[in-house]
Amino acid sequence: TLFSSQFMHGGWLHILGNMWALWIFGDNVEDRMGRRLYLVFYLACGVAAAVAQALSSGGASVLPMVGASGAISGVMGAYLVWCWRSRVTLLVPIVVIPFPVKVPAVLYLLFWIGMQWLAAAAASGRSVNLGGVAWWAHIGGFTCGVLGAFFIRPLTEREAKLG
């Protein structure tokens with residue numbers, strides 16, 4: 001269903017990747033919203049993600065859609081609106097040792113959503129198989145998160161001036 005699919009995953013790496021992203025971005029968004037509103041927001045982003053993926057495939061996909069990444073993409077979208085001046089730490093593998101690198105959140109998130117659009121475009125042409133990833137779910141969730149962030153708690157006048 002639209003809700004239960006958000007709590008199922010395609011393996012340990014899938015769930016670890018989702019939990020890592022939620023750990024990085026989720027606490028700041030939850031702090032701004034409060035626990036109850038955050039839960040509603042998270043689930044709504046997950047539903048929006050599933051709807052976006054279903055619309056993009058025309059309901060013709062035979063692959064089940066599982067995972068929280070659409071909802072987490074919504075959290076990332078809200079983080080972009082509210083915390084864009086923050087820095088996030090990436091682990092860049094040098095040979096086999098992960099090297100932490102701090103980058104501006106706005107650059108990381110814009111790069112990430114750009115990659116989702118590129119992958120969705122490539123997968124839409126059916127010329128390439130990209131592993132059954134629900135790219136449009138990521139885009140739909142992220143879009144819901146950005147719009148929801150403005151609707152739920154718009155930026156204050158002071159925050160807008162800082163940008």
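These exercises work through a predicted model of one protein.

**Exercise 1. The overall plan**

Task: State how many helices and strands the protein has, and give their order.

Solution.
- Step 1. Count the elements. The protein has six helices and two strands.
- Step 2. Read from the N terminus. The order is α-α-α-β-β-α-α-α.
- Step 3. Look at burial. Of the 163 residues, 36% count as buried.
- Step 4. Look at the surface. The accessible surface comes to about 9900 Å². Carbon and sulfur atoms account for 70% of that surface.
- Step 5. Look at the contacts. Take those between residues at least 6 apart in sequence: 70% of them join residues at least 24 apart.

**Exercise 2. Two aromatic pairs**

Task: Classify the ring pairs F25 with Y108 and W117 with W136, and say which helices they join.

Solution.
- Step 1. Know what to look for. A pair of aromatic rings is described by the distance of the centres and the angle of the planes.
- Step 2. Count the pairs. The structure holds five aromatic pairs.
- Step 3. Take F25 and Y108. Their centres are 6.2 Å apart and their planes are at 15°. Planes under 30 degrees apart count as stacked, so this pair is stacked.
- Step 4. Place the two residues. F25 is in helix 1 (residues 12-33) and Y108 is in helix 4 (residues 105-124), so their pair ties together parts 83 residues apart in sequence. Both F25 and Y108 are buried.
- Step 5. Take W117 and W136. Here the centres are 5.0 Å apart and the planes are at 85°. An angle over 60 degrees counts as edge-to-face, so that is the label for this pair.
- Step 6. Place these two as well. W117 belongs to helix 4 and W136 to helix 5 (residues 135-152), so the pair ties together parts 19 residues apart in sequence.
- Step 7. Check their exposure. W117 is partly exposed at 44% relative accessible area. W136 is partly exposed at 24%.
- Step 8. Look for a cluster. Ring pairs link F25, Y79 and Y108.

**Exercise 3. Charged side chains**

Task: Find the partner of R35 in a salt bridge, and the ring under the charged end of R85.

Solution.
- Step 1. Recall the idea. Side chains of opposite charge can pair when their charged atoms come close.
- Step 2. Count. The structure holds one salt bridge.
- Step 3. Name the partner. R35 pairs with E30, and their closest N and O atoms are 3.7 Å apart. The cut-off is 4 Å, so the pair qualifies.
- Step 4. Judge exposure. R35 is exposed, at 67% relative accessible area. E30 is partly exposed, at 26%.
- Step 5. Turn to R85. Its charged end sits over the ring of W84, 5.8 Å from the ring centre.

**Exercise 4. Helix lengths and burial**

Task: Compare the expected and actual spans of helix 3 and helix 5, then describe their burial.

Solution.
- Step 1. Work out helix 5. It has 18 residues, and at 1.5 Å a residue it should span 26 Å. The span uses one less than the number of residues.
- Step 2. Compare. The end C-alpha atoms of helix 5 are 25 Å apart, which agrees.
- Step 3. Repeat for helix 3. Its 15 residues should span 21 Å, and its end C-alpha atoms are 19 Å apart, which agrees.
- Step 4. Check burial in helix 3. Here 15 of the 15 residues are buried, so helix 3 is largely enclosed by the rest of the structure.
- Step 5. Check burial in helix 5. Its buried residues include W135, H138, I139 and F142. Their cover includes helix 2 (35-57), helix 3 (69-83) and helix 4.

**Exercise 5. Three residues and their neighbours**

Task: Locate Q116, A52 and R153, and list what each one touches beyond four places in sequence.

Solution.
- Step 1. Q116 lies in helix 4. It is buried, at 5% relative accessibility. It contacts W135, H138 and I139.
- Step 2. A52 lies in helix 2. It is partly exposed, at 21%. It touches W136 and G140.
- Step 3. R153 lies in the loop between helix 5 and helix 6 (157-162). It is partly exposed, at 40%. It touches R32, W82 and G148.
- Step 4. Compare sequence with space. R153 and A78 are 75 residues apart in sequence, and their C-alpha atoms are 10.0 Å apart.

Key:
Residues numbered from 1 in each chain as written. Predicted model: local features only at pLDDT ≥ 70, side-chain atom pairs only at ≥ 80, totals over all residues. Heavy atoms only, no water. Phe/Tyr/Trp six-rings, centres within 6.5 Å; stacked < 30°, edge-to-face > 60°. Buried < 20%, exposed > 50% of the residue type's maximum accessible area, 1.4 Å probe, protein only. Lys NZ or Arg CZ within 6 Å of the ring centre and 35° of its normal. Contact = heavy atoms within 4.5 Å. Areas by Shrake-Rupley, 256 points an atom, 1.4 Å probe, with all protein chains shown as cover.
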